[in-house]
Amino acid sequence: MTANRRFRRVVRIGPVQVATYYDDRGREKHTAACTAPRCGFATDYDSRAAAELAARTHRCAVR
Ligand SMILES: [Zn+2]
């Protein structure tokens with residue numbers, strides 16, 4: 001993730017944080033990023049629902 005992005009509506013679903021931000025062109029983007037050490041799961045989505053679904057269904061490989 002790039003610095004200086006302004007994340008909005010940050011929520012935490014299990015170990016995964018979901019946030020909405022605007023990219024360099026002002027388009028709304030949604031990201032789901034796992035906070036577990038060494039997991040590394042982080043993906044951007046075009047819809048908030050898709051990001052939240054990914055967060056809910058994420059299964060950490062690291063235990
Ligand atoms: Zn994870």
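Is arginine 48 buried, exposed or partly exposed, and how many other C-beta atoms lie within 10 Å? I started my notebook with this residue, and I kept in mind that the model is predicted.

**Entry 1: arginine 48**

I found arginine 48 in helix H1. I counted 17 other C-beta atoms within 10 Å of arginine 48, so I wrote it down as partly exposed. Buried would have needed 20 or more, and exposed 12 or fewer. Next I looked up what arginine 48 touches beyond its neighbours within four places in sequence, and I found Thr20 and His30. I also checked the C-alpha atoms of arginine 48 and valine 18: they are separated by 8.4 Å, although these positions lie 30 residues apart along the chain.

**Entry 2: the whole chain**

I stepped back to see the overall plan. I listed 1 helix and 4 strands, and from the N terminus on they run β-β-β-β-α. The protein has 63 residues, of which 16% count as buried. I then looked at contacts between residues at least 6 apart in sequence, and 25% of these join residues at least 24 apart.

**Entry 3: the sheet**

In what order do the strands of the sheet stand? I read S1-S2-S3-S4, an open sheet of 4 strands with antiparallel pairing. Strand S1 (8-13) and strand S4 (42-45) stand at the edges with a single partner strand each, so one side of each has no neighbour in the sheet. I noted an average twist of 20 degrees from one strand to the next. Helix H1, residues 48-57, packs on this sheet and touches S1, S2, strand S3 (28-34) and S4. The direction of H1 makes about 5 degrees with that of S3.

**Entry 4: S1 and its partner**

I went along the edge strand S1 and its partner S2. Strand S2 covers residues 16-22, runs antiparallel to S1 and is joined to S1 by 4 bridges. Isoleucine 13 has valine 16 of S2 as its bridge partner, and valine 11 stands opposite valine 18 in S2. The hairpin of S1 and S2 has 2 residues between the strands, and there I found glycine 14 with a positive phi near 60 degrees. How many of the 6 residues of S1 are buried? The number is 0, so I noted that S1 lies largely in the open.

**Entry 5: the core**

Then I looked for nonpolar residues that are buried together. The largest nonpolar core has 8 residues: Val16, Val18, Ala19, Ala32, Ala33, Cys34, Ala51 and Ala55. The elements giving two or more residues to this core are S2, S3 and H1. I reminded myself that nonpolar side chains tend to be buried together in soluble globular proteins. I picked alanine 55 for a further look, leaving aside its neighbours within four places in sequence. Alanine 55 is in contact with Ile13, Gly14, Val16, Val18 and Ala32.

**Entry 6: alanine 54**

My last stop was alanine 54, which also lies in helix H1. Is alanine 54 buried or partly exposed? I counted 19 C-beta neighbours inside 10 Å, and buried takes 20 or more, so alanine 54 counts as partly exposed. Not counting residues up to four places away in sequence, alanine 54 touches Ala32, Thr43 and Tyr45. I also looked up alanine 33, which is 21 residues from alanine 54 in sequence. In space the two are 9.5 Å apart, C-alpha to C-alpha.

Definitions and conventions
Residues are numbered from 1 along each chain as its sequence is written. This is a predicted model: local features need pLDDT of at least 70, side-chain atom pairs count only at pLDDT 80 or more; totals for chains, interfaces and linings use all residues. Two strands pair if DSSP finds at least two bridges between them. Axes are lines fitted to C-alpha atoms, for helices over the stretch in contact, and angles run from 0 to 180 degrees between N-to-C directions. Two residues are in contact if their C-beta atoms, placed from the backbone, lie within 7 Å. A nonpolar core is a set of buried Ala, Val, Leu, Ile, Met, Phe, Trp, Tyr and Cys residues joined through C-beta atoms within 7 Å.
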